[in-house]
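The following exercises concern the arrangement of helices and strands in one protein chain. Please examine the sequence and the structure before reading each solution.

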Amino acid sequence: MATGKFITIEGTEGVGKSTNLAFVRDWLSARGIDVLVTREPGGTPLAEQLRELLLATRDEPVADKAELLMIFAARAQHLEHVIKPALAEGKWVLCDRFTDATYAYQGGGRGLDKTVIGELEQLVQGALRPDLTLILDIEPELGLQRAAARAELDRFEREDIAFFNRVRAAYRERASANPAHYQLINAGQSLADVQRDIHQVLQALALA
């Protein structure tokens with residue numbers, strides 16, 4: 001049995017990840033591809049509990065390194081119990097955020113050492129990396145306006161605009177460094193245009 005493909009969707013707040021994740025899922029399913037949809041942090045009961053701890057607003061400040069370690073703890077659980085088994089069964093895994101988000105938010109946004117993030121990435125993932133990463137890119141001001149209109153803001157969404165500018169810059173830097181792996185999608189376009197661009201990327205991947 002062939003190993004499945006691993007696709008991740010990334011982006012800052014308000015880029016439309018949920019809507020476009022559903023679009024990708026439906027596109028794959030319509031072509032007879034068995035696809036598992038999951039998210040990070042999360043994906044298992046324990047990882048979802050860690051997600052709640054990470055996103056909740058609280059009086060006690062969360063140390064940046066504690067945040068980083070909780071994220072990788074959730075990722076380790078997610079990989080062992082969901083992602084790796086699904087790929088081994090030949091399923092395609094579609095994940096709402098993965099380790100690129102850690103480089104962007106904890107590396108770019110928080111300013112943590114990316115070498116340390118890389119060491120944790122190797123420890124938790126080994127050689128496993130996504131086959132394709134779609135980065136939905138938008139001006140942070142517009143994205144935060146969308147997020148604020150959607151629901152109550154979580155702990156990350158309450159960060160200042162400078163934080164999200166750093167996050168966006170980190171995403172774009174990763175895309176520029178490896179254009180064969182990353183596809184930067186302009187999420188400031190109309191939804192129809194965003195999904196047209198995603199369709200073109202998926203078509204190329206499916207035919208590869």
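A residue is called buried under 20% relative accessible area and exposed over 50%. The structure shown is a predicted model.

**Exercise 1.** Determine which residues of helix 6 are buried, and explain why they line one face of the helix.

*Solution.*
Step 1. Helix 6 spans residues 140–150, and its buried residues are Pro 140, Gly 143, Leu 144 and Ala 147.
Step 2. Viewed down the axis of helix 6, these buried residues fall within an arc of 95 degrees, so they line one face of the helix.
Step 3. The face turned away from this buried side carries Gln 145 and Ala 149, which are exposed.
Step 4. The packing partner of the buried residues of helix 6 is helix 7 (161–177).

**Exercise 2.** State the order of the five strands in the open sheet, and explain why strand 2 and strand 5 are each left without a neighbour on one side.

*Solution.*
Step 1. The order of the strands is 2-3-1-4-5, with parallel pairing.
Step 2. Strand 2 (35–39) and strand 5 (182–186) stand at the edges; each has a single partner strand, so one side of each lacks a neighbour in the sheet.
Step 3. From one strand to the next, the twist averages 20 degrees.

**Exercise 3.** Describe how strand 4 is joined to strand 5, and identify the bridge partner of Leu 134.

*Solution.*
Step 1. Strand 4 (residues 132–137) runs parallel to strand 5, and five bridges join them.
Step 2. Leu 134 has Gln 183, in strand 5, as its bridge partner.

**Exercise 4.** Which strands does helix 3 lie across?

*Solution.*
Step 1. Helix 3 (residues 64–88) lies across strand 1 (6–11), strand 2 and strand 3 (92–96).
Step 2. Relative to strand 2, helix 3 runs at about 160 degrees.

Conventions: Residues are numbered from 1 along each chain as its sequence is written. This is a predicted model: local features need pLDDT of at least 70, side-chain atom pairs count only at pLDDT 80 or more; totals for chains, interfaces and linings use all residues. Side-chain values use heavy atoms; hydrogens and water are left out. Buried means under 20% relative accessible area, exposed over 50%, partly exposed in between (1.4 Å probe, protein chains only). Helices (H or I, at least four residues) and strands (E, at least two) are DSSP runs, numbered from the N terminus. The arc is that of the directions from the helix axis to the C-beta atoms. Contact means heavy atoms within 4.5 Å. Two strands pair if DSSP finds at least two bridges between them. Axes are lines fitted to C-alpha atoms, for helices over the stretch in contact, and angles run from 0 to 180 degrees between N-to-C directions.
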